[in-house]
Amino acid sequence: MLWYKPTRSLSRRAVLLGGATLFAACGFEPVYGPGGRAESLSGRIDVLPPADEEGRALSRRLESRLGIAAAPDLILGADIAIEEEQLGVLPDGSISRYNVIGRVDWTLTRNDETVLKGREQSFTAYSATSTTVATITAQRSARERLMTLLADRIVADILANADAL
């Protein structure tokens, strides 16, 4: 049986330096670092007022990630669609788990002209417990988590295309 025996091993320092060189060569630049794309968009995007509880959760998360608009030159509008599907059924016929599926069609405009637009989709779930209050609380929490996921995806899309802004 042949055993491979390296004649020379790479040190941890060599591997880290090689990785740093690779990032520098490919143009890697941190989005949230000083002078990054996120900094250039901070306070420039005004999120349209929400229409419902899900819209408020989405707006809160977007404003926490993009900053509150001090001197906005861009307006972000979002159309939210949510549906629930039943997942788990107990032997007595009651539903034990729900899937919450959400979609947001968003548009970023400047002077009534569309600059960027997109559609984000995701899902989350919650359990229906024995009490009505606990089930309603779980449902609200799931919808808020869903809006956080969707807002983070919207921000990622905007930051990925920040050069167009």
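In this predicted model, the largest nonpolar core holds 28 residues, and those touching the most other members are Leu 58, Leu 62, Leu 76, Trp 106, Leu 108, Ile 154 and Ile 158. Several elements give two or more residues to this core, and they are set out below with their residue ranges.

| Element | Residues |
|---|---|
| Strand E1 | 45–47 |
| Helix H3 | 53–66 |
| Strand E2 | 74–89 |
| Strand E3 | 95–110 |
| Strand E4 | 113–127 |
| Helix H4 | 132–160 |

Which element gives the most to this core? That is H4, with nine residues.

Let's stay with H4 for a moment. This helix has 29 residues, and the distance from its first C-alpha to its last is 42 Å, close to the 42 Å expected at 1.5 Å a residue. Its buried residues are Thr 135, Ala 142, Arg 143, Leu 146, Met 147, Leu 150, Ala 151, Ile 154, Val 155, Ile 158 and Leu 159. A bit of helix geometry is handy when reading that list: an α-helix has 3.6 residues a turn, so residues three or four places apart point the same way.

Now for the partner helix. How do H3 and H4 cross? Their axes come within 8 Å, at an angle of roughly 40°. Oblique applies to angles that are neither under 35 degrees, nor over 145, nor from 65 to 115, which means that H3 is oblique to H4. The crossing of H3 past H4 is right-handed.

Where the two helices meet, the H3 side includes Glu 53, Glu 54, Ala 57, Leu 58, Arg 60 and Arg 61. On the H4 side, the residues include Arg 140, Arg 143, Glu 144, Met 147, Thr 148 and Asp 152. Leu 58 is a good residue to click on: setting aside its neighbours within four places in sequence, Leu 58 is in contact with Ala 78, Ile 80, Val 104, Met 147, Leu 150, Ala 151 and Ile 154.

Beyond H4, the chain continues into a segment that contains Ala 164. Is Ala 164 buried or exposed? Its relative accessible area is 52%, and exposed means over 50%, so Ala 164 is exposed. The C-alpha atoms of Ala 164 and Leu 116 are 8.3 Å apart, although 48 residues separate them along the chain.

Stepping back to the whole chain, there are four helices and four strands, arranged along the sequence as α-α-β-α-β-β-β-α. Of the 165 residues in the protein chain, 28% are buried. Among contacts with a separation of 6 or more, 61% join residues 24 or more positions apart.

How values were computed
Residues are numbered from 1 along each chain as its sequence is written. This is a predicted model: local features need pLDDT of at least 70, side-chain atom pairs count only at pLDDT 80 or more; totals for chains, interfaces and linings use all residues. Side-chain values use heavy atoms; hydrogens and water are left out. The expected span of a helix is 1.5 Å times one less than its number of residues. Buried means under 20% relative accessible area, exposed over 50%, partly exposed in between (1.4 Å probe, protein chains only). A nonpolar core is a set of buried Ala, Val, Leu, Ile, Met, Phe, Trp, Tyr and Cys residues joined through side-chain atoms within 4.5 Å. Contact means heavy atoms within 4.5 Å. Axes are lines fitted to C-alpha atoms, for helices over the stretch in contact, and angles run from 0 to 180 degrees between N-to-C directions. A crossing is left-handed if the near helix is turned anticlockwise from the far one by less than a right angle, and right-handed if clockwise.
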